[in-house]
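Here are some notes on the model, in no strict order of priority. Have a look at the picture, then go through the points with it open.

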Amino acid sequence: MTTIFDEPEDFATTALAGFAAIYSRYVRHVKGGVVRSTKVPAGKVSVVIGGGSGHYPAFAGYVGPGLADAAVAGDVFASPSTAAVARVCRHADQGGGILLGFGNYAGDVLNFGVAAERLRAEGIDVRIVPVTDDVASAPADAAEKRRGIAGDLVVFKIAGAAAEAKMNLDDVERVTRHANDRTVSFGVAFKGCTLPGANGPLFTVPHGQMALGLGIHGEPGIKEEAIVPARDLARLLTEKLLAERPAGTTKVGVVLNGLGATKYEELFVLWTTVSTLLKDAGLDVVAPEAGEFVTSLDMQGCSLTLLWLDEELEPLWSAACDTPVLRRGATFSTEPATDALEDLEGKMVFAPASEASQEAGKCVAGLLSGIAAALKDAEEELGRIDAHAGDGDHGQGMRRGSAAALDAANAAVAAGAGAASVLAVAGDAWADRAGGTSGAIWGLLLRSWSNALSDSDAIEKDAAVIGARLALEGVTRLGRARLGDKTLVDALIPFVETLEREAASGKSLPEAWSLAAVAAKSAADATSALTPKLGRARPLAEKSIGHPDAGAVSLALVARVAADYISKSAAQ
């Protein structure tokens, strides 16, 4: 159990600050992450990695010469926000472009993807490589759907070595993708992990059993089997991965990873058989590593990662690096960085807004007040729904995000902002505070919706309806979810289509919105019969059947609250 903390909600940020203070030789703390504390040559490709906290030493522990230039850290098991990714990347940029690396999870894909779009619009060349090493989460013919687990270290090590060797961005991206294609992992868990402040673990494993195919965010395994002796466990892990050995491969890089509560001596015992099995398979093991590299708080378990080496990858895998968690080869000659880590975002300044739009901005803030109150009341229920096949943090994220959105909206109103600006900054604040998939989606949804509004005019029916369509297009384009995937989109599509249809038929905005909210609620209820095709719940599809999707349920809840508010406002 995670027992050392003050306020549970501050655990991740406090831990990051403590890490940066201890390892100041390697890193400097910036809001939402860390960057190298040593000088980096101008024009070098910057390797920026990240994901949720709770996985130490991933990801901040990988920052240093020969590996990453910066790391972005979200809340525990939650993706860092779009704003955090973009902020850390701006600090890390040396003019040679940026390679973004992260595990293949919906929230990370969305947040890093949106951040990349923003950075490209600013003139920074950004490439994205999601790590997809977990063989338990999808078959080999659908490898692009696999999760990223301990293979993160392997892929990022290759990327960092390539960048340190002064390869250009095209080559760094190419070799990183090549490493990802040749990296596979499989793991087991004996006990689940417990979030700071929680009364119990996110999942339990029956006594004497082990969960196969674990996730690193507290997701249970895909099935359970009896615990076996180390030699049999080694065979289970190794043979699962050898099944995907590329033809002609004779060398392999190896990482035997502990998940947080498995002791190093246990890994050493396991290694005696793993190494023998690899040798018997005709493989030479190159620069093996055993220890904690990608953890899951206090989860008890382990994973095995293999990197199928070739002439290009072997020297990069063996190349020197110097980070808090991994040190190899000759010592790097470094100098302390001397540039000031100024606030690259600056003070928020709003364009002049008309009196009508300022009043509309107050209405937007009033609506967000009702939404935040409703989501606070629904936090426990939304978490319970999410826990059936996820990690149970959806309610918490929605509460945090909506509260932050309300604060940002009120601040914007006080500054005289119009409706479009109020909704846009609220969306950014929601994403920044909530983190994770839901935070990214709601941030994108609100910001996209704001594009249909104006700081010059009041909010008219047509603008509100067009905004709904823009929100849907933004979420589906970057989030990749489609109808039937068992996500928020299953409620959002009928909401938008009903709103458009009823508004076009001549109904008022309150009438059309109320009918759309009813359609969203029916659609959210109907997700109980669906199996998830995206997100962390996908590998646990059977456990999700019979339960609605938490994202769809919360979307329907927000739609209903908004319908009530719009109706009351129109009646006044």
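1. Helix 2 and helix 3 are oblique to each other, a label for whatever is left once angles under 35 degrees count as roughly parallel, over 145 as roughly antiparallel and 65 to 115 as roughly perpendicular. Helix 2 covers residues 82–92 and helix 3 residues 106–121; their axes come within 8 Å and cross at roughly 50 degrees. Axes here are lines fitted to C-alpha atoms, for helices over the stretch in contact, with angles from 0 to 180 degrees between N-to-C directions. Helices are DSSP runs of H or I with at least four residues, strands are runs of E with at least two, and both are numbered from the N terminus.

2. Before going further, some housekeeping. This is a predicted model, where local features need pLDDT of at least 70 and side-chain atom pairs pLDDT 80 or more, while totals for chains, interfaces and linings use all residues. Residues are numbered from 1 along each chain as its sequence is written, and side-chain values use heavy atoms, without hydrogens or water.

3. Back to the helix pair: the crossing of helix 2 and helix 3 is right-handed, i.e. the near helix is turned clockwise from the far one by less than a right angle. On the helix 2 side, the contact (heavy atoms within 4.5 Å) is made by Thr82, Val85, Ala86, Cys89 and Arg90. Helix 3 brings in Asn111, Phe112, Val114, Ala115, Arg118 and Leu119. By type, that contact has seven nonpolar, two polar and two charged residues.

4. Next, the sheet with six strands: it is open, mixed in its pairing, and ordered 1-2-4-3-5-6. Strand 1 (27–30) and strand 6 (126–131) are the edges, each pairing on one side only; pairing takes at least two DSSP bridges between two strands. Ignoring direction, neighbouring strands are turned by 20 degrees against each other on average.

5. Inside that sheet, strand 2 (residues 33–36) runs antiparallel to strand 4 and is joined to it by three bridges. Valine 34 has alanine 71 of strand 4 as its bridge partner. Helix 2 lies across strands 1, 2, 3, 4 and 5, and runs at about 160 degrees to strand 4.

6. Further along the chain, strand 10 (residues 251–258) pairs in the parallel sense with strand 11 (residues 284–291) over six bridges. One pair of bridge partners is valine 252 and valine 285, the latter in strand 11. Strand 10 is mostly covered, with seven of its eight residues buried (under 20% relative accessible area; exposed is over 50%, partly exposed in between, using a 1.4 Å probe and protein chains only).

7. Now the backbone oddities I'd look at by eye. Most residues other than glycine have a negative phi, and most peptide bonds are trans. Which bonds are cis? The one from tyrosine 56 to proline 57 is, with omega near 15 degrees, and so is the one from alanine 58 to phenylalanine 59, with omega near 10 degrees. Proline 57 lies in the loop between strand 3 (46–53) and strand 4 (70–76), and phenylalanine 59 is in the loop between strand 3 and strand 4 too.

8. Finally, positive phi. Phenylalanine 77, in the loop between strand 4 and helix 2, has a phi of about 60 degrees and is buried at 2% relative accessible area. Alanine 287 sits in strand 11 with a positive phi of about 50 degrees, and is partly exposed at 27% relative accessibility.

Conventions: Nonpolar A, V, L, I, M, F, W, Y, C, P; charged D, E, K, R; others polar.
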